Amino acid sequence: MLEPIRHQLPHGITLDCLACGTPGKPLLLFLHGFPEGAFIWEGVMAPFADRWRCLAPNLRGYGGSSQPEAVEAYKPKALVQDLAALIALESPGQPAACVVAHDWGGALAWNLAIQQPQLLQQLLIINAPHPGAFVRELQHNPAQQAASQYMHFLRRPDAAPLLLADGARRLWDFFRTPAGDLPAWLTPEWQARYQAHWPQCLTAACRYYAASPLVPPRGANGDLQPLPDALLHTPVATHILWGLDDAALLPELLDGLEAWVPQLSVERVPGASHWLVHEHPERVIRSLHQLLHEALLKRELSALATPASESDFPLDY
């Protein structure tokens, strides 16, 4: 059963979360993107509640979580600090068993896995670009440059009221199919949830874009610089689930990731868009089950050669 909880982090930020499963069980952390919230994970989390502690925070700025006014408070370093503190509170002394993340949540999860890989055992990314690949494509791929121009609008100080105007028409446009229709999954019930969610968080949500150092160039000449090598590599085992019909994040973002992520597997989903979590929740659930099962087998093999007292996790899955 899902329950709302609130975590006060040591550095003064409060995160409202949805949780299920028993505290103390291995942690599964679910991170949403823009313009969404923790509620998108409800159907995905529930099947794992029997053996895992499942937690989906409203990220900084969303829902009832803290909403600092300064744009600088939404820089990646600060947002990753929130995740590290949340893992420490929910899984003291142990890494998260898996971080599952979409869109902006995925961007933060990539940074967490690169900067503090000891905090998570596995990473499941859903349509969120690796920072090195994103910079590369923004520098050299005209199609990705064109697809990312919307970011300039979201960086404007007046972006939130413009997005909410006229019945949030511009926000609904983010979800529309190529034919211009709202997708079938976006039922009246889902629309009502989004309509209730957006007014309380959209100003803060747009600060993610205003604070981001990754900005698509306007025209042929951009000044986006390559990221330092230290901000690209992670040893964390990573599985990517990618809807190939994502209009904002093109499939070329999957190219060359093995150089930065040695333990990598990629699952391409034809016909799925950026909103794969909604379109194919069963695919997300199946992929996560498979990752957790494979991790269990690895731990069991390791346990054969390791005294039981030295095992890091209970073999309960």
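**Entry 1: leucine 276**

I began with leucine 276, which lies in helix α10 (residues 276–279). Helices here are DSSP runs of H or I with at least four residues, strands are runs of E with at least two, and both are numbered from the N terminus. Before going on, I noted that this is a predicted model, where local features need pLDDT of at least 70, side-chain atom pairs count only at pLDDT 80 or more, and totals for chains, interfaces and linings use all residues. I also noted that residues are numbered from 1 along each chain as its sequence is written, and that side-chain values use heavy atoms, with hydrogens and water left out.

Is leucine 276 buried or exposed? I found it buried, with a relative accessible area of 0%. Buried means under 20% relative accessible area, exposed means over 50%, and partly exposed is in between, with a 1.4 Å probe and protein chains only. Setting aside neighbours within four places in sequence, I listed the contacts of leucine 276 as Ile126, Asn127, Leu241, Trp242, Gly243, Val269, Pro281 and Val284. A contact means heavy atoms within 4.5 Å. I also looked up glutamine 8, which is 268 residues away from leucine 276 along the chain, with 31 Å between their C-alpha atoms.

**Entry 2: backbone oddities**

Asparagine 127, one of those contacts, was my next stop. It sits in the loop between β6 (122–126) and α4 and counts as buried at 0% relative accessibility. Its phi is near 45 degrees, a positive value in a residue other than glycine. Aspartate 103, in helix α3, also has a positive phi, near 55 degrees. Aspartate 103 is buried, at 11% relative accessible area. As a reminder to myself, most residues other than glycine have a negative phi, and most peptide bonds are trans.

Which residues does a cis peptide bond join? I found phenylalanine 34 and proline 35, with omega at about -5 degrees. Proline 35 is placed in the loop between β3 (27–31) and α1 (42–45).

**Entry 3: helix α4**

Helix α4 covers residues 131–140, and 7 of its 10 residues are buried. I wrote them down as Pro131, Gly132, Ala133, Phe134, Val135, Glu137 and Leu138. These buried residues pack against α3 (103–115), α5 (142–147) and α6 (150–154).

**Entry 4: cysteines**

How many disulfides does a search of the whole structure find? I got 0, taking a disulfide as a pair of cysteine sulfur atoms within 2.5 Å. For cysteine 54, the closest cysteine sulfur is in cysteine 20 at 4.1 Å, which is too far for a bond. For cysteine 201, the closest is in cysteine 206 at 9.0 Å, again too far for a bond. Cysteine 54 is buried at 0% relative accessible area, and cysteine 201 is buried at 1%.

**Entry 5: the chain start**

Methionine 1 lies in the segment before β1 (3–8) and counts as exposed at 90% relative accessibility. Leaving aside neighbours within four places in sequence, I found methionine 1 in contact with Ala19 and Cys20.

**Entry 6: the whole chain**

I closed with the overall picture: 11 helices and 8 strands, with buried residues making up 54% of the 317 residues. The C-alpha atoms fill a box of roughly 60 × 40 × 40 Å along the principal axes. Among contacts between residues at least 6 apart in sequence, 75% join residues at least 24 apart.
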